[in-house]
Amino acid sequence: MDAVLSVPEPRNEPVRDYAPGSAERDSLQRRLGELAAERRDLPMTIGGAQRMGAGAAIDVVQPHRHQHVLGVTHNATNADALAAVTAAKQAAPMWRDLSFADRAAVFLRAADLLSGPWRDTLNAATMLGQSKTAVQAEIDSACELIDFLRFNVAFARRLLAEQPLSSPGVWNRFDHRPLEGFVYAITPFNFTAIAGNLPAAPALLGNTVVWKPAPTQQLAAHFTMRLFEAAGLPPGVINMVTGDGIAVSEVALADPDLAGIHFTGSTKVFQKLWRMVGENIANYRGYPRLVGETGGKDFVVAHASADVDALHTALIRGAYEYQGQKCSAASRAYVPRSLWNGGLRDRLAATADGLAYGDVTDFTNFGGAVIDAKAFARHTTALDMISNDPTCRIVAGGTADDSVGYFVRPTLFECDDPAHDSFTTEYFGPILGVHVYDDARYDEVVRQAESIAPYALTGAIFATDRRVIDQTSEVLRYAAGNFYVNDKPTGAVVGQQPFGGARASGTNDKAGSWHNLVRWMSPRTVKETFVPPTDHRYPHMG
Ligand SMILES: NC(=O)c1ccc[n+]([C@@H]2O[C@H](COP(=O)([O-])OP(=O)(O)OC[C@H]3O[C@@H](n4cnc5c(N)ncnc54)[C@H](O)[C@@H]3O)[C@@H](O)[C@H]2O)c1
Ligand SMILES: N[C@@H](CCC=O)C(=O)O
């Protein structure tokens, strides 16, 4: 326990802009060409050894060009999962006995490698495999992952320095132990940074991990695993299993040494995992820590005093960047009739209709495709439902085409009923519903928006009247874990806007902050008495 160590002061990684003619753009385009020309095996990594899962094969494709296969991965079987759990348990004594400095150095080195020679590889893999544009990949797989790795070291250092008081003759101290057992990290398709952070954060604190990425993110996950190895991560500390995770959960969640789940993904899957843990609760050595960041139905509330230019930009970026596939994406907005009919409606419609979605290797595009056929089907069902509902009117988009890639047009619609399914269900695509209200009904609309959806992840208020900002912020205090004033509800930056929500949006343990890291330690309090008493009687006994 080397709590007095000082560590490098983290700074947010600067975002590159990949402007035409820049060297960074040429270099990224070269790497895109190389990765697109390959068709790789995407194996598991267990105890440092790579091998393909023994279950069914899964093609990992470019969502914007779904006939183009980037690689092949396989479902992990029960036997594969058992091997990963065993490797994690075997590596645990070695890893927890290394000093914090040694563990931190691995992740700081990974951050530096990613900031330099690995940047193009992770960005290109994220662009091709997850259909992110260059800038969306850059803020995710480069900057946010680098930030997670660097800031977590500084946050962990602060936690390790935290020690109890000691009265005279006594020395009290915390032994910041890792959890007893292994951590099971399960990660979503949409952020390479989240996929890398969920296994890395518990590992930094001395835990060993079984990591199950989303199959559709497997290309970038593959390179993330290679990056950790290049940074010196010993075998068995993070064991990556591939595929749908069904067999992995059967094995990992039934294991007595399950120490925690670090999950990001849908509410439905997290609730299923929680139920499975509940069913097994008497069989565990301890109570597993359950950390899950899940879905959202994120709102923008606009007041009549809002700056319309700022509101317009926030709605377009908040709803349609990365095809709306951010848990934070604006998917319901409440706009006063004065602004809507005063030009905002037509402006939003024109901008949305003008957004180019296409192949993300064409850098002129604003967006790409949605992730897979399942997402495409969910969105087309929602669009059919909305266009056939007499209370809703499509204002822009509303169409989809999967002939080449899974493309869904940026869709804007009005809905008279603020309790409509489209205001409560997460679609996770480029679909923004607007409830237009009479200006005088503002307070009532805000109260309704507060609790109509089960989620509480992100939300924004647009107003210039300070009293309105203050009152709205108070009414919506529990409606979002990340609340924005005159800004879009997406784009949280590590160290600046610690991220996470409550209600059906998760356990709100704020990824990329000390709040999250504290869940991966099990402190032992040690009291040492220098001169222990030698008489059992107390003074009042005479
Ligand atoms: N709150 C946040 O910070 C945050 C961030 C990103 C994404 N999300 C949410 O994630 C969802 C989108 O991501 P997704 O489509 O990858 O989510 P998902 O829930 O479908 O999948 C998440 C992960 O769980 C795995 N999985 C599914 N069933 C499993 C099982 N039985 N055992 C083990 N693993 C299993 C998937 O393969 C994937 O790796 C959205 O709901 C979005 O809001 C939330
Ligand atoms: N942290 C990201 C969202 C992550 C979920 O998909 C944001 O703030 O936009």
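These are my notebook entries on the sheets, helix contacts and ligand surroundings of this structure, which is a predicted model.

**Entry 1: the sheet of 7 strands**

I began with the strand order and found an open sheet of 7 strands, which reads β14-β17-β18-β13-β12-β20-β21 and has mixed pairing. At its edges I noted β14 (392-396) and β21 (482-485), each of which pairs on one side only. From one strand to the next the twist averages 20°.

I then looked up one pair in detail: β17 (residues 411-415) and β18 (residues 431-437) run parallel and are joined by 4 bridges. Within this pair I recorded L412, whose bridge partner in β18 is L432.

Next I asked which strands are touched by helix α10 (residues 308-320) where it packs on the sheet. They are β12 (298-302), β13 (330-336), β18 and β20 (458-462), and the direction of α10 makes about 160° with that of β13. I put the neighbouring entry beside it: helix α11 (residues 337-354) also packs on this sheet, touching β12, β13, β14, β17 and β18, and its direction makes about 145° with that of β13.

**Entry 2: the sheet of 3 strands**

I turned to a second open sheet, which has 3 strands in the order β1-β5-β4, again with mixed pairing. Because β1 (40-41) and β4 (57-62) stand at its edges with a single partner strand each, one side of each is left without a neighbour in the sheet. I found that β1 and β5 (residues 65-74) run parallel and are joined by 2 bridges, and that R40 stands opposite G71 in β5. Helix α7 lies across β4 and β5, and I noted that it runs at about 45° to β5.

**Entry 3: α7 and its helix partners**

I stayed with α7 (residues 218-230) and looked up its packing with α4, where the two axes come within 7 Å and cross at roughly 160°. Angles over 145 degrees count as roughly antiparallel, and α4 and α7 are therefore roughly antiparallel to each other. Their crossing is left-handed. On the α4 side I listed T121, L122, A125, T126, L128, G129 and Q130 as making the contact, and on the α7 side L219, A220, F223 and T224. By class these residues divide into 6 nonpolar, 5 polar and no charged.

The other partner I checked is helix α3 (residues 100-115), which packs with α7 at an angle of about 120°, the axes being 8 Å apart. These two helices, α3 and α7, are therefore oblique to each other, and α3 passes α7 in a right-handed crossing. The contact joins A110, L113 and L114 of α3 to L227, F228 and A230 of α7. How many nonpolar, polar and charged residues does this contact have? I counted 6 nonpolar, no polar and no charged residues in the contact of α3 with α7.

**Entry 4: α1 against α4**

I followed α4 (residues 119-130) to helix α1 (residues 23-37), with which it packs at an angle of about 60°, their axes lying 9 Å apart. It follows that α1 and α4 are oblique to each other, therefore I entered them so. Their crossing is right-handed. From α1 the contact takes S27, L28, R31, L32, L35 and A36, and from α4 it takes D120, T121, N123, A124, A125, M127 and L128. I noted the division of these residues as 8 nonpolar, 3 polar and 2 charged.

**Entry 5: the two ligands**

Around ligand 1 I looked up a shell of 32 residues, of which G245, G265, S266, E293 and C327 come nearest. The elements that give two or more residues to this shell are α8 (246-252) and α9 (267-279), and α8 gives the most, with 3 residues. By class I recorded 14 nonpolar, 13 polar and 5 charged residues around ligand 1.

Which residues surround ligand 2? I listed N190, F191, K326, C327, S328, T490, G491, A492 and F499. This shell has 4 nonpolar, 4 polar and 1 charged residues. I closed by noting that C327 is named among the nearest residues to ligand 1 and is also one of the residues surrounding ligand 2.

Technical notes: Residues numbered from 1 in each chain as written. Chains lettered and ligands numbered in written order. Predicted model: local features only at pLDDT ≥ 70, side-chain atom pairs only at ≥ 80, totals over all residues. Pairing = 2+ DSSP bridges. Axes fitted to C-alpha atoms, helices over the stretch in contact; angles between N-to-C directions. Contact = placed C-beta atoms within 7 Å. Near = placed C-beta within 6 Å. Nonpolar A, V, L, I, M, F, W, Y, C, P; charged D, E, K, R; others polar. Parallel < 35°, antiparallel > 145°, perpendicular 65-115°, else oblique. Left-handed = near helix turned anticlockwise from the far one by under 90°.
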